[in-house]
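Subject: Structure for you to look at

Hello,

Here is the structure I said I would pass on. Please open it first and keep it beside this email while you read.

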Amino acid sequence: MGKPGDDIRISNAERDEAVETLGTHLSTGRLELAEFDERCAIATAARTRGELEALFTDLPAPHPDLSSATPPAALLQKAGQLVTNPTGSKKSELVETPASKALEALAGVAFLIGIPAAIVLTIVAGLWWLFFPVVGVVVIAGSAADAAKKPKPGSAT
């Protein structure tokens, strides 16, 4: 049985790097042309990390970098992260406050009333620049609403 992670699928870039690395071994005389051709055919048809690694077991360095073909759990462990929400979003750990609700309401009103009003005033009076303060209020109030939320009691943020 192979090592953990040998069944992880690889990308075209990793196959290409393996062929390039085999070329390095051909140029240094470690592989003959027939064996190089055979290994390149296997490398281009390879689907998993283990299939590529098997091509280099009898060769010294260099070997292709297959570190991106790592099981997801190993990547998280290697990075030292503990992820409870796979999307990386911390919004579920935040609780709305009265201030965040008020700022969200302000952003909503600025969007629903400010944008149509800016359109009408642009058409009627040529006041196109009114879009800038309306969009500014929507963006700033929306961002401030997120910032005004507090961590859920007992969460580690």
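Arg39 is a good place to begin: its relative accessible area is 10%, and because the cut-off for buried is under 20%, Arg39 counts as buried. Before going on, please note that this is a predicted model, and every value below was computed from it.

Arg39 and its partners

Arg39 sits in helix α2. Its side chain meets that of Glu35 in a salt bridge, with 2.7 Å from N to O. Both residues belong to helix α2 and are four residues apart, which is about one turn of the helix. Glu35 is partly exposed, with a relative accessible area of 32%, whereas Arg39 is buried at 10%. In general, side chains of opposite charge can pair when their charged atoms come close.

Glu35 is not the end of the story for Arg39. A network of salt bridges links Glu35, Arg39 and Asp58. In addition, a polar atom of the Arg39 side chain lies 2.5 Å from the backbone oxygen of Leu55. Which residues does Arg39 contact, leaving aside its neighbours within four places in sequence? They are Leu22, Leu31, Leu55, Asp58 and Leu59.

The nonpolar core

Two of those names, Leu22 and Leu55, lead to the next topic. The largest nonpolar core has 13 residues, and the members that touch the most other members are Ala18, Leu22, Ala43, Leu52, Leu55, Phe56 and Leu59. Two elements give two or more residues to this core: α1, residues 12-27, and α2, residues 33-45. Of the elements, α2 gives the most, with three residues.

Leu22 can serve as an example. Not counting residues up to four places away in sequence, Leu22 touches Leu31, Phe36, Arg39, Cys40, Ala43, Phe56 and Leu59. Arg39 is in that list, and the contact appears again in the list for Arg39 above, which includes Leu22.

Salt bridges elsewhere

How many salt bridges does a search of the whole structure find? It finds five. One of them joins the side chains of Glu104 and Lys149, at 3.4 Å from N to O. This pair links distant parts of the chain: Glu104 is in helix α5, Lys149 is in the loop between α6 (131-147) and β2 (150-151), and the two are 45 residues apart. Glu104 is partly exposed, with a relative accessible area of 32%. Lys149 has a relative accessible area of 19% and is buried; the cut-off is under 20%, so the value of 19% falls on the buried side.

Lys149 has another partner. The side chains of Asp146 and Lys149 meet in a salt bridge at 3.7 Å, N to O. Asp146 is partly exposed, with a relative accessible area of 35%.

Helix α5: two residues to compare

Helix α5 covers residues 98-125 and holds Ile113; Ala118 is in helix α5 as well. Are these residues buried or exposed? Ile113 counts as exposed because its relative accessibility is 56%, and the cut-off for exposed is over 50%. Ala118 is buried, with a relative accessible area of 2%.

Ile113 is part of a nonpolar patch on the surface, together with Val109, Phe111 and Leu112. The four residues have about 430 Å² of accessible area together.

For Ala118, the contacts beyond four places in sequence are Leu130 and Phe131. Ala118 and Pro133 are 15 residues apart in sequence, and their C-alpha atoms are 9.7 Å apart in space.

The chain as a whole

Now for the overall numbers. The secondary structure consists of six helices and two strands. Along the sequence, these follow the pattern α-α-α-α-β-α-α-β. The protein chain has 157 residues, and 24% of them are buried. Its accessible surface comes to about 10500 Å², with 65% of that belonging to carbon and sulfur atoms. Of the contacts between residues at least 6 apart in sequence, 67% join residues at least 24 apart.

If you want a place to start on screen, select Arg39 and show Glu35 and Asp58 with it, as the three are linked in a network of salt bridges.

Regards

Definitions and conventions. Residues numbered from 1 in each chain as written. Predicted model: local features only at pLDDT ≥ 70, side-chain atom pairs only at ≥ 80, totals over all residues. Heavy atoms only, no water. Core = buried A, V, L, I, M, F, W, Y, C linked by side-chain atoms within 4.5 Å. Buried < 20%, exposed > 50% of the residue type's maximum accessible area, 1.4 Å probe, protein only. Contact = heavy atoms within 4.5 Å. Patch = residues over 30% accessible without salt bridge, like charges linked within 9 Å, V, L, I, M, F, W, Y side chains within 5 Å. Areas by Shrake-Rupley, 256 points an atom, 1.4 Å probe, with all protein chains shown as cover. Polar contact = N/O pair within 3.5 Å; in protein donor to acceptor, adjacent residues only side chain to side chain.
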